[in-house]
Amino acid sequence: MPPEDADRDRPQDSASPAQVINDFSIQVATVNGSGSQTANLVLIRSLFQMGIPVSGKNLFPSNIAGLPTWYTIRASKHGYLGRKKEIDLLVAMNPETAKEDVLALDAGAAVIYDEPLRLQDLRSDLTFYPVPFDKLVAPVCPDAKLRRLVRNMIYDGALSKLLGIEMAEMEHALGRQLGRKARAVALNLAALKAGYDFAAASLPKRDPFCVERMNATQGKILIEANAAVAIGAMMAGVTVVTWYPITPSSTVCETLIEYMKQYRLDKESGKATFAIVQAEDELASIGMALGAGWAGARSMTATSGPGLSLMSELTGLGYYTEVPAVIIDVQRLGPSTGLPTRTAQGDILSAAVLSHGDTRHIMLIPHSAEECYELTMTAFDLAERFQTPVFVMTDLDLGMNTWVSDVFTYPDRPLDRGKRLDAETLKRLGEWGRYVDVDGDGIAYRSVPGDGMPAYFNRGSGHNTRGQYSERPDDYRNNLDRLARKFETARQWVPREAVDVDPEAEIALIAYGSSHWAVEEARDQLRDEAGVRTSYMRLRAYPFTTEVERFIDRHTRVYVVEQNRDAQMLSLLKLDLTPGQVGKLRSVLYYTGLPIDARSVTDEVLAQERA
Amino acid sequence: MTTETPAAPAPGRKLNRLNLDVQSYRGGKSTLCAGCGHNAISERIVEAYFEMGIDPTGVIKLSGIGCSSKSPAYFLGTSHAFNAAHGRMAAVATGAVLANKQLRALGVSGDGDTSAIGAGHFVHLMRRNVPMIYIVENNGCYGLTKGQISPTADLGSTLKNGVVNDLPPMDLCALAIQLGATFVARSFSGDKKQLASLLKAAIAHRGTVLLDVISPCVTFNDHEGSTKSYAYVKEHDDPLGEILFVPYFDDIVVDYEPGTTKEVKLHDGSRVYLKKIEEGYNPQDKLAALSLLDETARKGEFATGLLYIEPDRRSFTDLLNLVDQPLSMLPEEALRPSREALEQIMERLR
């Protein structure tokens, strides 16, 4: 793993002989395309089956084969699911990075490595376990062409012995992972056992890390949040899905296709109650989504940064003509192409005001797989309620990594199709105009083609309350003011912030999305290690509710933690706050492309507190 | 400055098979230049939808940006309309058709809107065979931004200010045929009879119709040196033969001399007759259509009429195997899977 900063003199406690139970991180360094994914998922699943909170993060290159890739697995008895900055066990399989990976470790870490790499002389403060992978794999996999694929199971076997992960659970996990492919299961199982037996015979335990069965994952699921978004979209009744492949959002739609084929075909005719189209580009995917939304469908698209930029013009069209659509933005790192396989929260500001002129968009910001499911459903309701594009802002860390999650609960309320004109409403209104604010909340009644109600001319050019072309100054201004009123109304409809106030805390943290996991852990570190108590508010939507102001008023200093360089959420907050409130805000920013970790948050908060 | 005023009442009392008069198919008053070819096209659209007895409330009108794209305001005033962004009509129309495949989609675009900024979507709409009519009101220039050259301008044609186009033109018909469009025709805004017949046949077709209509811009591109001027087009229009369209609900028996007429039966039972067509020309032969377009272009002529038709290819909505009811009208029971379905999904993730 590339060195992320120079701070390597963390106080060490692992030198003590005491065991460290269910609290460590494993990093597996391989070459991408070498088939390590099965081995890594089997490790995660085994820990999960043993009831231990676990998370898996794939730090992979934007490449198909040949570049270095790192997979980190964290077991945490405390339930911390964020990335752990320190690596406790390294599995060094990649000759290209092995030396650098070993030199980056903290003292006390353990290294399982491919014997020919001869890493043992690099450091004297680590525990080394050499494993002759090629010698072990040859007898269990006579077919030389397959050896590359099963070789990685040997480190699973060695870890099973060294850490005490039950072999029965490893075998069960392997079966889950490979399903009915009997030959593949047999080969992998043999490799797993070869690794285990070798460790039992030749690797006396010299590190403190080990696992013990817990009961913290009972009834839970393991899922990548892109799949959670897909399930949410399906349960929300999405009918038109238009998308263009882009990392890290592609698996939202690919997973959705699989689920829809299973659960959304008409039972009698076998025909589809949905259309999913891979478009020619993101201009088309948002264009189609808006065309469908205008015509009354529940439509969505999924994308990431570069696609978001391409969608800018039409998102403004959706805002101004008031057409519903859901846009899933699985954020990745950087301007331009950036790093497509690394995570960030860097689209917050641009999504909030995406497009030219005066625009403002509703964003929902989930922090977990479960919330990705729930807020995706909410997004469809809000898009139709507010007749506007609604963003679901997730990120690569959530979307493509493996999370322990509570099971998803079945929606307890019907779909909200918003203010649709019907015969009764038309009678009540007397005369209907597409953009007349009848109820004073900024939301007008809409008709859709084919519903038998009066038609209107949907246009991105200036229009009056009847949707007619107009260049009148008062028509333009009245319309924009109504749109602003509609956005104000949204404050009462979006999911409220999650607030945890510590009455004794002087300082507070504000975070959102995947940063939550590091912040949650950092609060414990601040309290336990430095005696600093904190309150915490997790933002879940834009516009913010009035709760934000109350929360800031209660505290002296408020740290806004986010994964971007420019303090994007803090900038949005400033728009809503008084100068006094703004004066309390400080930033904790993390933008390396790796998921934010608790230690970085703790260190930065303490540094600013002591400055 | 509100520019949509109701049009003057129509003189005719004739009713169509829906008992609607032609007035029911009109829209607002045109704000385009007097003599603009686009106005003539709007008139033909009104006539064609009236004569075919199409329910205007089941039609959606879509357009991009430009003079052409303003025109949906001037016909079918009771239809829903979506005036999208520049070049994006095809994408928006595709989405709308997916949402409700029972709607009859009519897209109106211009040569800049289609062949320049919208080229990416145009080609994919043709490939997909999205069931809709796509009219390009083609004048070889950007009218609304005052006369810049467009990609359909012919090589060597000049602008009003003397600028010569030194790039070869895009032939939208040839492109559409290559890409798999199933109804490709070219006409001239001044040819009432041909355009009316083509529009009616287009309405009867199920699949993508590309109708490239040369429509001179009287303000910026109707001068000597322009190949999209009234004078030039009238001089160089090379009709494939007289076209006659017989809708399925008319029981006219047509008796033409054998060997000079080509009959094509459309999906809904309507028929198109190409009378006195060039010897051996078969509008269901892709290569013949492409070579005709190439030959006429070399001579500086426009082949007009029904260039290519493939009446039976499955449309995009057929390929997607959609339920019969429009997706936009499906009730919640059809949209939200059961509690058991969610439990099953969760069980597999445990």
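These questions and answers cover how chains A and B meet in a predicted model.

Author: Residues are numbered from 1 along each chain as its sequence is written, and chains are lettered from A in the order in which they are written. In this predicted model, local features need pLDDT of at least 70 and side-chain atom pairs count only at pLDDT 80 or more, while totals for chains, interfaces and linings use all residues.

Reader: What makes residues of chain A and chain B count as in contact?

Author: Their C-beta atoms, placed from the backbone, lie within 7 Å. By that rule, 59 residues of chain A are in contact with 52 residues of chain B. H10(A) gives the largest share of chain A's side, nine residues. Helices are DSSP runs of H or I, at least four residues, and strands are runs of E, at least two, numbered from the N terminus.

Reader: Why are S18(A) and S2(B) called paired?

Author: Pairing needs at least two bridges found by DSSP. S18(A) and S2(B) have three, so they pair. The two strands run parallel. Asn458(A) has Phe82(B) as its bridge partner.

Reader: What makes a set of residues a nonpolar core?

Author: Its members are buried Ala, Val, Leu, Ile, Met, Phe, Trp, Tyr and Cys residues, joined through C-beta atoms within 7 Å. Buried means 20 or more other C-beta atoms within 10 Å of a residue's own, placed from the backbone. The largest core has 286 residues, and Ala96(B) is among those with the most contacts inside it. H14(A) gives the most to this core, 10 residues. A second, separate core has six residues, including Tyr142(B) and Phe220(B).

Reader: Which residues of chain A is Ala96(B) in contact with?

Author: Leaving aside neighbours within four places in sequence, Ala96(B) is in contact with Gly291(A), Ala292(A), Trp294(A) and Ala295(A), among others.

Conventions
Two residues are in contact if their C-beta atoms, placed from the backbone, lie within 7 Å. A residue is buried if 20 or more other C-beta atoms lie within 10 Å of its own, exposed if 12 or fewer, and partly exposed in between; C-beta atoms are placed from the backbone.
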